[in-house]
Each structure stands twice: as C-alpha cells, then as structure tokens.
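Good morning, colleagues. I would like to take you through one model, beginning with its ligands and ending with its loops.

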Amino acid sequence: MTGRIFSGIQPTHGIQLGNYLGAIRNWVKLQQDYECIYCLVDLHALTTVHDKDAMTRNTREVAAALLACGVDPKRSILFAQSNVAAHAQLAWVLNCVAPIGWLNRMTQFKEKAGKNREKAPVGLFVYPVLMAADILAYKATHVPVGEDQKQHLELARDIAGSFNNRFAEGFFPLPEPLILGEATRVMSLRDGRAKMSKSDPSDMSRINLTDDAESIVAKIKKAKSDAIVGITYDPENRPEASNLLTIYAALAERSRADVARQFADTPFSTFKAELADLMVDKLAPITAEMRRLMDDPGHIDAVLREGAARADAIAAPVLEEVYAEVGFLRP
Ligand code: AMP
Ligand code: TRP
C-alpha cells in the first residue's frame, strides 16, 4: 500500500478505550510506514460542545492523550482542525456538491439528533461533509477509523467521486477506510449491545484514559456479565462476555480465538481480575505520560502550532486547485 493517511478525533470528553483500541493504536502503528496526518476535529466537536472552557481543555487533553499513546509529532502531523482554514473552506464547496438525500441516510445523524430533529444544529447534519473535506483537503488515500465511521467514509468516497465527475476527473483519490485489529467496535461495560462512547452519561460504561488503576479495577469488576461459566465469543447470545474477551485480545495483541481457548473454563470473576490486571498494565504508563504532558500546556500548544503550519502547507494549495477547478477567479 502506498499513500497518505488522514484521521481525526473529536475533542469532546477526553479519550475512552474504544477510541484507543479502535483507532489510536492503529494510528501509532501506521506512522512507521506512512506519512500520517492526525487532526483534533474541534469544528466537529462544536456540533455538540457549547462550552468555551471545555472545548479548550478537551483539545489539550486529547492532544496529550495522542502524544502519550505514541503519536510522534516529528514523524506525523498533529494539529487542530480550526487552525487550518482549508477544512471549512473545502467543506463549503463539498456542501454544494453533496445532495441532501445522501446525508439523510446517515445513521449517526439520526442517533445524535434524536427525536427532536428540528432543533438539531445544521452543523450536525453536514458533519459528514466536513469530514469528507478533512480527508480530501490532503488528498489522503487511507483513513484508519473504528467501525462506526464506515458509513461516513463511504459518503466521503461518493462526494470525492461526484466532485471528480463534475469538475476534474481523477482529482481526488477515493479514500479507503482502514478498520484494523480485533476491537473495531468496543461496547459499553454496562450494555454489550451499545457502543462504548464518551457521551454515555454513565462513567461506569467506559474506561477513560485518565482513569487510575483503582477505578479500572472497580469498573471491570462491576462490568455487566452473565451466569455462564467459561468465557466464549458469542456476540449474539453473550454480548458482554464477547466484548470483554475482545478487549482482552486487543490489549494483549492476541487473537480472540486464542484468548477464548485460554479462558474456556474460567469463571467470570477470575477472568475479570485478569482483564483488569492486563488493562492496568497497558494503560497506566499512558495515563502517567498524559498527566505529565497536561502539566505543560505550553508544550502541547507549540506541538499543535507547528502541526498546523505543516498541515496548512499541504491543504492550502489543494484548496487553491479546487477553487480554480470550480471556476472561481483567483486574484
Ligand atoms: P470520536 O471520539 O467519535 O471522534 O472517534 C474517534 C475514533 O475512535 C474514530 O475512528 C471512531 O471510529 C473510534 N471509536 C470511537 N468509539 C469507538 C468504539 N466504541 N469502538 C471502536 N472504535 C471507536
Ligand atoms: N467523525 C469522526 C468520529 O467521530 C471524526 C472525524 C472527523 C474523522 N473528521 C475525520 C475521522 C476525518 C477520520 C477522518 O470519529
């Protein structure tokens, strides 16, 4: 595979285990072989976060988490979306290409808007168009994400194709999703049929990268389980056991089948204790590094400033080409 990697994460409420296993860990690995651009998508976060201090705090916290997980700002570009004008500018052009019907099909909008769709901000509706602009502003070819973003990625491909057809054949590469690893969809600890998410009102439903060892142990202990002895992978009938098994396999970087074999006769309580140990082992160093970084916001801001300059150097010329292709007079 050759190409350029782009991905984004919303600076909403810090980072949870699903973000880490579904996305960020893959971002870190991909840096070894590819040019990678990673973006804190604050413009996207504004669709749901309307609190000035929380926005600033979360942006620094998520930056710290990415750095602590191993995103290397010397190798990759790490920056905040609002600092590079091309994202919003290209989004407007794409808004004029993407039909409303395509956006009406987006399941995430339906989930997030809920029952009162009339009151949902317009930004939430066009969120996937901005996401397409993020990727296309860099002519990125591959996008590492969790499974929940698959539909948005398909839309980004369709929008790219539509622009190419109308204005310039072959202009944008059609970006491909990279959905990698065992844990592409980590589920809530309280409900094996719901996605683990930063926005779940119950903190017991997720592991945050800021959780200390004590709360990790407590959350795993209280995680929903079933009365069957032995851990098996059976997402239909045993969603909770399957989720915990998947998390274990992903953290241990082993296959699910292999882990299932090991715990085939193990009672839930013993398995949970082992899972909590493994989790603390893997996450504690990240949490410690994250805390250290958060004590130095000046350093984080400097990393993001430099990342924005490098990102702008790629995206601004692409936007210029787009403006020329649609026929805007250039001064
Ligand atoms: P978000 O926090 O919604 O901006 O998501 C950032 C990245 O984490 C995206 O690539 C998502 O697909 C991924 N992600 C979020 N939640 C989960 C989850 N529960 N399981 C796997 N991946 C996830
Ligand atoms: N919508 C993505 C999410 O919630 C975040 C995102 C925004 C993104 N722009 C992107 C992911 C571009 C990949 C590429 O997870």
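Which side chain has a polar atom that lies 3.1 Å from an oxygen atom of ligand 1? It is the side chain of Asn 19.

Before I continue, a word on conventions. This is a predicted model, in which local features need pLDDT of at least 70 and side-chain atom pairs count only at pLDDT 80 or more, while totals for chains, interfaces and linings use all residues. Residues are numbered from 1 along each chain as its sequence is written, chains are lettered from A and ligands numbered from 1 in the order in which they are written, and side-chain values use heavy atoms, with hydrogens and water left out.

Let me stay with ligand 1. Two backbone contacts accompany the one from Asn 19: a polar backbone atom of Gln 10 is 2.9 Å from an oxygen atom of the ligand, and a polar backbone atom of Gly 146 is 2.8 Å from an oxygen atom of ligand 1. Each is a polar contact, meaning a pair of N or O atoms within 3.5 Å; within protein, one must be able to donate a hydrogen and the other to accept it, and residues adjacent in sequence count only if both atoms are side-chain atoms. On its own, ligand 1 exposes 480 Å², of which the protein buries 93%; such areas come from the Shrake-Rupley method with a 1.4 Å probe, and for residues only the protein chains shown count as cover.

The shell of ligand 1 comprises 17 residues, and those that come nearest are Gln 10, Gly 146, Asp 148, Val 186 and Lys 198. A residue is counted there if one of its heavy atoms lies within 4 Å of the molecule. By class, the shell holds 5 nonpolar, 8 polar and 4 charged residues. Here Ala, Val, Leu, Ile, Met, Phe, Trp, Tyr, Cys and Pro count as nonpolar, Asp, Glu, Lys and Arg as charged, and the others, Gly among them, as polar. Helix H1, residues 17–30, gives the most to this shell, with 4 residues. Helices (H or I, at least four residues) and strands (E, at least two) are DSSP runs, numbered from the N terminus.

I turn to ligand 2. Which residues are closest to it? Of the 13 that surround ligand 2, they are Gln 10, Tyr 127, Met 131, Asp 134 and Gln 149. A nitrogen atom of ligand 2 is 2.7 Å from an N or O atom in the side chain of Asp 134, and a polar side-chain atom of Gln 149 lies 3.1 Å from a nitrogen atom of the ligand. Gln 10 appears here too, with a polar side-chain atom 3.4 Å from an oxygen atom of ligand 2. The protein covers 91% of the 370 Å² of accessible area that ligand 2 has on its own.

Strand E1 (4–9) and helix H8 (127–136) each supply at least two residues of the shell around ligand 2, and H8 gives the most, with 4. That shell has 7 nonpolar, 5 polar and 1 charged residues.

Now to the loops. Lys 139, in the loop between H8 and strand E4 (142–144), has a positive phi of about 45 degrees although it is not a glycine. Glu 253, in the loop between helices H11 (239–252) and H12 (256–262), likewise has a positive phi, of about 55 degrees. Most residues other than glycine have a negative phi.

Are these two residues buried or exposed? Lys 139 counts as partly exposed because its relative accessibility is 24%, and Glu 253 counts as exposed because its value is 52%. The cut-offs are under 20% relative accessible area for buried, over 50% for exposed and in between for partly exposed, with a 1.4 Å probe and protein chains only.

Three further loop residues deserve a look. Asn 237, between helix H10 (213–222) and H11, is exposed at 60%, and its side chain makes a polar contact of 3.2 Å with that of Asp 234. Thr 184, between strand E5 (176–178) and H10, is buried at 16%, and its side chain contacts the side chain of Glu 147 at 2.9 Å. Gln 31, between H1 and strand E2 (35–40), is buried at 6%, and its side chain reaches the backbone nitrogen of Asp 72 at 2.7 Å.
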